[in-house]
Amino acid sequence: DITVRDTGIGIAPDDLERVFAPFDRGSSAEAQMQPGIGLGLAICRGIVTAHGGRIWTEPRTGGGAVFSFTIPVVGTPPPRIPPSA
């Protein structure tokens with residue numbers, strides 16, 4: 001699993017699944033004031049599901065949100081190629 005936690009405005013419980021829909025920016029007035037057009041999480045979901053994974057979000061204790069995804073690993077990963085100097 002890969003998890004990212006933020007300390008932003010959070011996501012309303014009713015919006016936890018809906019935020020992955022294209023052009024959705026949340027239902028709160030504060031969410032509507034944030035920059036963006038609501039495509040980022042929809043693109044993330046498309047990429048993750050295309051690789052057989054799952055992506056989700058949940059409220060963060062103390063404020064903000066937690067975004068997590070998992071992608072299955074099949075076989076042996078390719079060797080890591082170090083960056084060029």
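Strands, as named in these legends, are DSSP runs of E with at least two residues, numbered from the N terminus. The model shown is predicted.

**View 1. The hairpin of E2 and E3 in the predicted model.** Five residues lie between the two strands of this hairpin. Among the residues of the hairpin, Gly62 adopts a positive phi near 90 degrees. Strand E3 comprises residues 65-70 and is antiparallel to E2, to which six bridges join it.

**View 2. Bridge partners between E2 and E3.** Thr57 has Phe67 of E3 as its bridge partner. Glu58 is likewise partnered in E3, by Val66. In a regular strand, side chains alternate between the two faces of the sheet.

**View 3. The pairing of E1 with E3.** Four bridges connect E1 with E3, and the two strands run antiparallel. Within E3, Phe69 stands opposite Ile2.

**View 4. The three-stranded sheet and its edges.** The sheet is open, and its three strands follow the order E1-E3-E2 with antiparallel pairing. Strands E1 (2-5) and E2 (54-59) occupy the edges; each has a single partner strand, so one side of each is left without a neighbour in the sheet. From one strand to the next, the twist averages 15 degrees.

**View 5. Helix H2 against the sheet.** Helix H2, formed by residues 40-50, lies across E2 and E3. The direction of helix H2 makes an angle of about 140 degrees with that of E2.

Notes
Residues are numbered from 1 along each chain as its sequence is written. This is a predicted model: local features need pLDDT of at least 70, side-chain atom pairs count only at pLDDT 80 or more; totals for chains, interfaces and linings use all residues. Side-chain values use heavy atoms; hydrogens and water are left out. Two strands pair if DSSP finds at least two bridges between them. Axes are lines fitted to C-alpha atoms, for helices over the stretch in contact, and angles run from 0 to 180 degrees between N-to-C directions. Contact means heavy atoms within 4.5 Å.
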